[in-house]
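This report describes how the helices and strands of one chain are arranged. The chain is shown here, and the account of its packing and pairing follows.

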Amino acid sequence: MCPNVSATFVVRATEPTEEGDMRRVLLGPENAHQSMLLRLLRDLGPVSRAELGDAVRLSRSKLAVELDRLTEIGLIEPRGLAASRGGRRSSIVDLASGLRYLGIDIGATSVDVALTDAHLTVLEQVSEPIDVRNGPEAVLAVVLELVGKLRAEDSALEVHGAGVG
């Protein structure tokens with residue numbers, strides 16, 4: 001799997017319809033600041049709010065608004081307090097621990113599908129040989145079969161995004 005692949009952060013959520021039924025909606029970063037914060041957290045791991053503010057050059061109030069919204073939609077979560085930098089201790093934030101993504105690598109002779117966490121650490125991987133000259137339908141069938149194998153190992157698995165390469 002390519003370590004430079006950029007994950008798209010999308011989380012499924014539910015909201016009530018006018019009839020009272022629940023429907024799924026997609027939630028993701030709402031602006032460039034949120035996308036930048038998510039990329040930093042993916043690449044750096046748990047980071048204090050103060051360090052994030054230094055890295056993205058946002059005011060403390062703007063940073064707080066963006067991080068609070070990302071927490072509200074379930075993309076990040078608090079991880080305790082950072083060491084003091086001379087004043088009040090800053091809280092540490094990280095990507096939500098339950099986020100899962102699929103990395104799908106379609107090669108000339110095989111298909112690999114990996115399940116990753118939000119930091120793109122491979123948690124599980126399955127592979128199957130296939131000749132891409134068999135056509136897109138055959139390749140897609142193998143991809144779906146491999147995704148099915150990963151899901152069979154964890155029936156509660158919810159995939160929040162995928163990248164294909």
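A crossing of two helices is called right-handed if the near helix is turned clockwise from the far one by less than a right angle, and left-handed if the turn is anticlockwise. In this sense α1 passes α2 in a right-handed crossing, and the crossing of α2 and α3 is right-handed as well.

The model is a predicted one, and its confidence should be kept in mind throughout. The average pLDDT of the chain is 84, and 84% of the residues score at least 70. Over residues 1-9 the pLDDT falls below 50, although this stretch still has 24 contacts in the model beyond near neighbours in sequence.

## Helices α1, α2 and α3

Two packed helices are described by the angle between their axes and the distance between the axes. The table gives these values for three pairs, formed by helix α1 (residues 32-44), helix α2 (residues 49-56) and helix α3 (residues 60-72).

| Helix pair | Angle between axes | Distance between axes |
|---|---|---|
| α1 and α2 | roughly 120° | within 11 Å |
| α2 and α3 | about 115° | 10 Å |
| α1 and α3 | about 75° | 10 Å |

The axes of α1 and α2 cross at roughly 120°, which makes α1 oblique to α2. In this contact M36, L37, L40 and L41 of α1 meet L52, A55 and V56 of α2. By class, the contact of α1 with α2 holds seven nonpolar residues, with no polar and no charged ones.

For α2 and α3, the angle is about 115°, and the two helices are therefore roughly perpendicular to each other. On the side of α2 the residues in contact are R49, L52, G53 and V56, and these meet L63, A64, L67 and D68 in α3. Sorted by class, the contact of α2 with α3 has five nonpolar residues, one polar residue and two charged residues.

The remaining pair in the table, α1 and α3, packs at about 75° with axes 10 Å apart, which makes α1 roughly perpendicular to α3. Here H33, Q34, L37 and L38 in α1 meet K62, L63, E66, L67, R69 and L70 in α3. The residues of this contact divide into five nonpolar, two polar and three charged. L37 of α1 takes part in the contact with α2 and also in the contact with α3, while L52 and V56 of α2 meet residues of α1 and also residues of α3.

## The sheet of three strands

Three strands form an open sheet in the order β3-β5-β4, with antiparallel pairing. Its edge strands are β3 (47-48) and β4 (76-81), each of which pairs on one side only. Between β4 and strand β5 (residues 91-95), which run antiparallel, there are four bridges, and L81 stands opposite S91 in β5. Helix α1 packs on this sheet and touches β3, β4 and β5, its direction making about 90° with that of β5.

## The sheet of four strands

A further open sheet is built from four strands in the order β8-β7-β6-β9, and its pairing is mixed. The edge strands are β8 (122-129) and β9 (161-164), each pairing on one side only. Neighbouring strands of this sheet are turned against each other by 15° on average, direction ignored.

Which senses of pairing make up this mixed sheet? Strand β6 (residues 101-106) pairs with β9 in the parallel sense over four bridges, whereas β6 and β7 run antiparallel and are joined by six bridges. Within the parallel pair, L102 has A162 of β9 as its bridge partner, and G103 stands opposite G163 in β9. Within the antiparallel pair, Y101 has T116 of β7 as its bridge partner. The connection from β6 to β7 is a hairpin through three residues.

Helix α4 (residues 136-153) lies across β6, β7 (110-116) and β8, and runs at about 35° to β7. Each of the two sheets is thus described together with a helix: α1 packs on the sheet that contains β3, β4 and β5, and α4 lies across three strands, namely β6, β7 and β8.

Conventions: Residues numbered from 1 in each chain as written. Predicted model: local features only at pLDDT ≥ 70, side-chain atom pairs only at ≥ 80, totals over all residues. Heavy atoms only, no water. pLDDT = per-residue confidence, 0-100. Contact = heavy atoms within 4.5 Å. Axes fitted to C-alpha atoms, helices over the stretch in contact; angles between N-to-C directions. Parallel < 35°, antiparallel > 145°, perpendicular 65-115°, else oblique. Nonpolar A, V, L, I, M, F, W, Y, C, P; charged D, E, K, R; others polar. Pairing = 2+ DSSP bridges.
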